[in-house]
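User: Got a model open here and I'd like to talk through the packing and a few odd spots. Mind if I just fire questions at you?
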Amino acid sequence: MELRHFRYFVAVAEELHFARAAERLGIAPSTLTVQIQEIERTLQARLLQRTKRSVGLTAAGELFLEQARASLLRFDQAVGVGRRAGRGELGRIVIGYVGSAALAGILQRQMRRFRTEWPDVQLQANEQPMGRLPGLVAEGHVDIGFVRLPMALPDELRVHVLQRNRFCIALPASHRLAGAAAVDAQALEDDDFVVPEQDLGTREVGRRGRFEPRIVSAPGNLLTVLTEVSLRKGVAVVPDVVATTLVLPDVVYKPLAGEPVTSELAAIFRRSEGAPAVKNLIRQLVAALPA
């Protein structure tokens with residue numbers, strides 16, 4: 001028995017007239033009669049009580065009508081879900097991000113905008129170690145990654161820059177340079193360094209100051225980095241977005257003297273992405289101009 005048989009029977013059961021039901025279905029009355037007989041033969045049950053003047057439902061027919069309607073409804077719902085999923089209106093997107101993407105507000109703004117346009121798509125966001133994110137995206141465990149550049153990326157990934165920041169220096173409040181308007185790289189030669197996941201800033205400070213930074217800790221996570229700075233374990237070169245979002249006791253932020261050292265927040269995603277919902281988010285991200 002096929003789905004069309006359900007539709008034929010429901011039409012007859014609702015019209016209680018073969019000619020009207022056939023016209024509603026767009027088929028010949030004789031064809032409809034054959035189809036109903038086929039249903040009864042398959043079920044080995046009489047569903048309709050026919051006379052020359054009337055058509056009525058048997059007890060079996062009433063029960064079958066209830067189930068046929070439910071089956072047609074479930075089918076129509078499944079078709080609707082499939083069509084919506086095909087348009088990217090339904091689905092689930094797994095997002096991985098580094099802490100500074102949340103601190104900069106990039107993650108929240110993009111997710112808020114996407115939810116407004118696609119409210120029935122589930123977004124699952126988790127902080128991930130930055131070094132693992134490219135692999136997680138390439139392998140399909142994460143759909144979109146928010147990372148801080150520069151970093152090595154597999155060939156199968158694309159990247160789109162969303163925001164550009166400058167690096168600044170986080171110092172213990174008691175540090176000798178805490179009162180300076182800006183910090184010269186050379187002045188940090190004798191300091192210990194606590195390093196976040198993105199060590200570009202630390203390396204650039206060492207290059208400018210012509211010294212090899214003495215790294216005493218590399219916890220990665222920005223909150224942990226700044227906590228160690230507040231405990232006077234060392235100084236840290238961090239994105240300047242943390243200066244207004246992570247205010248810790250005994251930590252001060254100072255700009256670097258000279259030419260700014262820049263860093264970029266970016267989205268990474270698969271070049272060959274096929275999931276419609278993920279493709280909708282990618283289109284939104286690519287359309288965003290770097291802040």
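User: Which residues of α2 and α3 meet?
Analyst: On the α2 side they are Phe18, Ala19, Ala21, Ala22 and Leu25, and on the α3 side Pro29, Leu32, Thr33 and Ile36. Contact means heavy atoms within 4.5 Å. Helices here are DSSP runs of H or I with at least four residues, strands are E runs of at least two, and both are numbered from the N terminus. This is a predicted model: local features need pLDDT of at least 70, side-chain atom pairs count only at pLDDT 80 or more, and totals for chains, interfaces and linings use all residues. Residues are numbered from 1 along each chain as its sequence is written, and side-chain values use heavy atoms, with hydrogens and water left out.

User: What's the class make-up of the α2 contact with α3?
Analyst: Eight nonpolar, one polar and no charged residues. Ala, Val, Leu, Ile, Met, Phe, Trp, Tyr, Cys and Pro count as nonpolar, Asp, Glu, Lys and Arg as charged, and the others, Gly among them, as polar.

User: And at what angle do the α2 and α3 axes cross?
Analyst: Roughly 100 degrees, with the axes of α2 (residues 18-25) and α3 coming within 9 Å. That makes α2 roughly perpendicular to α3. The cut-offs are under 35 degrees for roughly parallel, over 145 for roughly antiparallel, 65 to 115 for roughly perpendicular, and oblique for the rest. Axes are lines fitted to C-alpha atoms, for helices over the stretch in contact, and angles run from 0 to 180 degrees between N-to-C directions.

User: How do the α1 and α3 axes cross?
Analyst: At roughly 110 degrees, for α1 (residues 3-15) and α3 (residues 29-43), and they come within 10 Å. So α1 is roughly perpendicular to α3. Arg4, His5, Tyr8, Phe9 and Val12 of α1 make the contact with Leu32, Gln35, Ile36, Glu38 and Ile39 of α3. By class that contact has six nonpolar, two polar and two charged residues.

User: What does Arg50 touch?
Analyst: Leaving out residues up to four places away in sequence, Arg50 touches Phe18, Ile36 and Glu40. The side chains of Arg50 and Glu40 make a polar contact of 3.1 Å. A polar contact is a pair of N or O atoms within 3.5 Å; within protein, one must be able to donate a hydrogen and the other to accept it, and residues adjacent in sequence count only if both atoms are side-chain atoms.

User: Where does Arg50 lie?
Analyst: In strand β1 (residues 48-50). Arg50 counts as partly exposed at 32% relative accessibility. Buried means under 20% relative accessible area, exposed over 50%, and partly exposed in between (1.4 Å probe, protein chains only).

User: Switching topic: which residues of α9 are buried?
Analyst: In α9 (residues 222-230) those are Leu222, Val225, Leu226, Glu228, Val229 and Ser230. At the start of α9, a side-chain oxygen of Asn221 comes within 2.9 Å of the backbone nitrogen of Leu223.

User: Which side chain does Ser217 join in a polar contact?
Analyst: That of Glu228, at 2.7 Å. Ser217 sits in strand β8 (residues 214-220) and is buried, with a relative accessible area of 11%.

User: Any backbone oddities?
Analyst: A cis peptide bond joins Leu149 and Pro150, with omega about 0 degrees. Pro150 is in the loop between β5 (144-149) and β6 (157-172). Arg210, not a glycine, has a positive phi of about 60 degrees. Arg232 is another non-glycine residue with a positive phi, near 65 degrees. Most residues other than glycine have a negative phi, and most peptide bonds are trans.

User: Is Arg210 buried or exposed?
Analyst: Exposed, with a relative accessible area of 73%. Arg210 is in the loop between α8 (200-209) and β8. Arg232 is exposed too, at 62%, and lies in the loop between α9 and β9 (236-239).

User: Last one: which residues of α6 and α11 meet?
Analyst: Gln110, Arg113 and Phe114 of α6 meet Ala277, Asn280, Leu281, Gln284 and Leu285 of α11. The axes come within 11 Å and cross at roughly 125 degrees, so α6 and α11 are oblique to each other.
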